[in-house]
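The exercises below are meant to be worked with the sequence and the coordinates open side by side. Each task is followed by a solution that proceeds step by step.

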Amino acid sequence: MKTFQHLLLASLLLGPVTHAQEERPAKTEKAAPAPAVTDATLSLLEPASDGCEWAQVNALTSARRVITKLAVECQGASTALSRDGKQGVARFWRGGVSQPVVGKPTFPEKFPSPAFRDRLFLVDLATGNAEELPLPGSGELIEFGFDAKGRLLGLTVQKPTPEQERTGAMEVDGNVIRFGFTGTTSRPLLAHAFAWREGAWTRLDMKASDESSGTGVLPLRKELGERSSRVLDPRFAPREIEDDQLLDQLYALTPEQPDGEWAALVRGGYTLAVWGTPFGEELLATGLLRRVDKGKAVALPSHTFRENDLVSIQSRGPFLLISLADSGGHPRMYRGKKLVWSSENARAVTFWPK
């Protein structure tokens, strides 16, 4: 299962306005202003007749602003936004799909064809102009996003060759990186951090890692801003459910598979009882969940996810947003007990940052 994926950002440079004549200033075209962002404003990608649209959507009013249209399929999509709201990144890769815990998923993903190509686009959110970027040259791009300085960062992991794994070291740019042996079965990796500068990727850092740590060994990972790969991660820190009457209600719902436990998850004003599967010291949220209301386990309307599905659980203001993990597909958005919005086509669905 892959649960890590990412986006970008940069600064929009505005040139000085020139005047043809002092008394008659030249007219300049201005992009239509972006609609006001509310608690119900979403970022999502949806298939269009000739590609994939990145849109800003108000889930309550259906007001829709298409940011850009890319000549790719939406499969494997993930996004990232800059802190100043001027630029974003959209990526399409094989890892951006949802995987079942066991058995058959509720919403099977289409398997990528051999022609599927990993692609990355830098987007000006004001004009919709999109530039396809090459991928960093070392390893596989795992995470991406903008830091507080407006730099687009790309974090990759590289597998050593069998010979390098035997010797316990890799040489990159004249530097020898040695792998630590922890006695675990996790395979060694080399993690790289790159920044997009002047039309090329520049390596900023590299460190020895392994399959369990991935890009987490890189300090720059903590500087990445808003990105769908983080939001759509199904991991959560469990809280014990101490209400025996609530546990009795949940016991009747407990599946034989997958292995897991019932845990409390608080998101905004919602308390949920979630069947989670173990992942280190955390749990992975599955689609088997109930809203806890005055000690009762209440099913959410039109909630079709099951225990085989991994899900992402987001909230903002009065809204609860549940979708498939990683892909962000088949979202259901609730306000209290009511379903207010859903989609079977949208992907990488997240709240638009304020």
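**Exercise 1. The disulfide**

What is the handedness of the link of Cys52 and Cys74, and what is the angle about the S-S bond?

Solution. Bear in mind throughout that this is a predicted model. Begin with the sulfur atoms: those of Cys52 and Cys74 are 2.0 Å apart and form a disulfide, and the structure holds 1 disulfide. Turning to its geometry, the angle about the S-S bond is 110°, and the link is right-handed. Next, place the two ends in the fold: Cys52 belongs to strand 2 (residues 51–58), while Cys74 sits in the loop between strand 3 (64–70) and strand 4 (77–81), so the bond ties together parts that lie 22 residues apart in sequence. Finally, consider the surroundings of each end, for which the cut-off for buried is under 20% relative accessible area. Cys52, with a relative accessible area of 0%, is buried, and Cys74, with 6%, is buried as well.

**Exercise 2. Aromatic pairs**

Determine how the rings of Phe92 and Phe121 are arranged, and then treat Trp262 and Trp275 in the same manner.

Solution. The count of aromatic pairs in the structure comes to 4. For Phe92 and Phe121, the ring centres are 6.1 Å apart and the planes meet at 80°; since planes over 60 degrees apart count as edge-to-face, the pair is edge-to-face. Phe92 is part of strand 5 (residues 87–92) and Phe121 of strand 6 (residues 119–124), so this pair ties together parts that are 29 residues apart in sequence. Both partners meet the criterion for burial, Phe92 having a relative accessible area of 2% and Phe121 a relative accessibility of 7%.

For the tryptophans, the centres of the rings of Trp262 and Trp275 are 5.6 Å apart with planes at 70°, so this pair too is edge-to-face. Trp262 lies in strand 15 (residues 261–267) and Trp275 in strand 16 (residues 270–279), and the two are 13 residues apart. Trp262 is buried at 12% relative accessible area, and Trp275 is buried at 5%.

**Exercise 3. The setting of Arg290**

Is Arg290 buried or exposed, and which residues does Arg290 touch beyond those up to four places away in sequence?

Solution. First locate the residue: Arg290 is found in strand 17, which covers residues 282–293. Its relative accessible area is 18%, so Arg290 counts as buried. Leaving out residues up to four places away in sequence, Arg290 touches Leu253, Thr271, Leu272, Ala273, Ala297, Val298 and Ala299. As a last step, relate Arg290 to a residue from the previous exercise: Trp275 is 15 residues away from Arg290 in sequence, and their C-alpha atoms are 9.1 Å apart in space.

**Exercise 4. A pocket and the whole chain**

Which residues are the closest to the centre of the second largest pocket, and what classes of residue make up its lining?

Solution. The second largest pocket encloses about 280 Å³ of space. Its lining is formed by 19 residues, of which Pro47, Gln75, Glu109, Asn345 and Arg347 are the closest to the centre. Sorted by class, the lining comprises 8 nonpolar, 6 polar and 5 charged residues.

To close, set these local features against the whole chain, whose secondary structure consists of 3 helices and 23 strands. Of its 354 residues, 48% count as buried, and among contacts between residues at least 6 apart in sequence, 57% join residues at least 24 apart.

Technical notes. Residues are numbered from 1 along each chain as its sequence is written. This is a predicted model: local features need pLDDT of at least 70, side-chain atom pairs count only at pLDDT 80 or more; totals for chains, interfaces and linings use all residues. Side-chain values use heavy atoms; hydrogens and water are left out. On a 1 Å grid over the protein atoms alone, a cavity is a set of points where a 1.4 Å probe fits but cannot get out, and a pocket is an open set with protein on both sides within 12 Å along at least five of seven lines; lining residues have an atom within 4 Å of a point. Grid points are joined across faces, edges and corners, and a volume is the space filled by probe spheres set on the points. Ala, Val, Leu, Ile, Met, Phe, Trp, Tyr, Cys and Pro count as nonpolar, Asp, Glu, Lys and Arg as charged, and the others, Gly among them, as polar. A disulfide is a pair of cysteine sulfur atoms within 2.5 Å. Helices (H or I, at least four residues) and strands (E, at least two) are DSSP runs, numbered from the N terminus. Buried means under 20% relative accessible area, exposed over 50%, partly exposed in between (1.4 Å probe, protein chains only). Contact means heavy atoms within 4.5 Å. Rings of Phe, Tyr and Trp (its six-membered ring) pair if their centres lie within 6.5 Å; planes under 30 degrees apart count as stacked, over 60 as edge-to-face and the rest as tilted.
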